[in-house]
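Biologist: I am new to this structure and would like to go through it step by step. Could you show it to me before I ask about its parts?

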Amino acid sequence: MIMPLVEEGHFSIFMATLCWSLTEVVRFTFYSLKELDMFNYHNLFALVVGFFRYNSFIVLYPVGVTGELLCSFKAWQHLRAKPQGQKEFTIEMPNTLNCGFDFLNIIMIGIPVIYIAFFPGLYMHMWVQRGKYNAAHKKAISEQSLVVPEEFREYRTIPGLTKLGPYG
């Protein structure tokens, strides 16, 4: 409802759509790998997707939200410039339902308030998820480094080596 009201080619549309598109492609690729049971810490493709999943949000989320808020502002400017009777998505009173809806206020007040209320929690949740992912990755790498290769698992005597007694 907001994007068609923004002037064509405005950079805020590019910011919002690029950031959210990249975020969703990485997110759904990550979830697909997990659902297909193809995600492990030894698969290079899974590691690259996991890296982007838990690191790209650091930049993409704030830039995407900024793009959306700029789009809201540009839509608000567009709607505010129209005469009172021509405003899209607005229901004025009195009417048969006896209720009103002002899309102009939703754009200028509602959307920013929602972002102020919920974006910090979402962003911090992603930081926590990033920490869990990095901890699991480090654990998997350390466990892999402790695995003894098959050729070294059996004891072999070394020719010319004499056994020492219990006290040297």
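**Helix 3 and its surroundings**

Modeller: This is a predicted model, and a good place to begin is helix 3, where F57, L60, Y61, G64, V65, G67, C71, S72, A75, W76 and L79 are buried.

Biologist: Which helices are included in what covers the buried residues of helix 3?

Modeller: Buried residues of helix 3, including F57, Y61 and W76, have other parts of the chain as their cover. The helices included in that cover are helix 1 (11-35), helix 2 (44-55) and helix 4 (103-146).

Biologist: How far apart are the end C-alpha atoms of helix 3?

Modeller: Helix 3 runs over residues 57-81, which is 25 residues, and at 1.5 Å a residue it should span 36 Å. The distance in the model agrees with that expectation, the end C-alpha atoms being apart by 36 Å.

**Salt bridges**

Biologist: Which residue forms a salt bridge with E7?

Modeller: The count of salt bridges comes to 3, and in the one made by E7 the closest N and O atoms are 3.8 Å apart, inside the cut-off of 4 Å. E7 lies in the segment before helix 1 and its partner in helix 3, so the pair ties together parts that are 67 residues apart in sequence. E7 itself counts as partly exposed, at 48% relative accessibility, and its partner is K74.

Biologist: Is E24, which meets R27 in a salt bridge, buried or partly exposed?

Modeller: The side chains of E24 and R27 meet at 2.7 Å, N to O, and because the two are 3 residues apart in helix 1, they are separated by about one helical turn. R27 counts as partly exposed at 26% relative accessibility. With a relative accessible area of 28%, E24 is partly exposed.

Biologist: In the salt bridge of E143 and K139, what does K139 count as by its relative accessibility?

Modeller: E143 and K139 both lie in helix 4, 4 residues apart, and their side chains meet at 3.9 Å, N to O. E143, at 44% relative accessibility, counts as partly exposed. For K139 the value is 51%, and since the limit for this class is over 50%, K139 counts as exposed.

**A nonpolar patch**

Biologist: What is the area of the nonpolar surface patch that F89 helps to make?

Modeller: F89 is placed in the loop between helix 3 and helix 4, and it counts as partly exposed at 40% relative accessibility. Together with M1, I91, F101 and I106, F89 makes a nonpolar surface patch of about 460 Å².

Methods:
Residues are numbered from 1 along each chain as its sequence is written. This is a predicted model: local features need pLDDT of at least 70, side-chain atom pairs count only at pLDDT 80 or more; totals for chains, interfaces and linings use all residues. Side-chain values use heavy atoms; hydrogens and water are left out. The expected span of a helix is 1.5 Å times one less than its number of residues. Buried means under 20% relative accessible area, exposed over 50%, partly exposed in between (1.4 Å probe, protein chains only). Contact means heavy atoms within 4.5 Å. Patches are made of residues with over 30% relative accessible area and no salt bridge: like charges are joined within 9 Å, nonpolar side chains (Val, Leu, Ile, Met, Phe, Trp, Tyr) within 5 Å. Accessible areas come from the Shrake-Rupley method with a 1.4 Å probe; for residues, only the protein chains shown count as cover.
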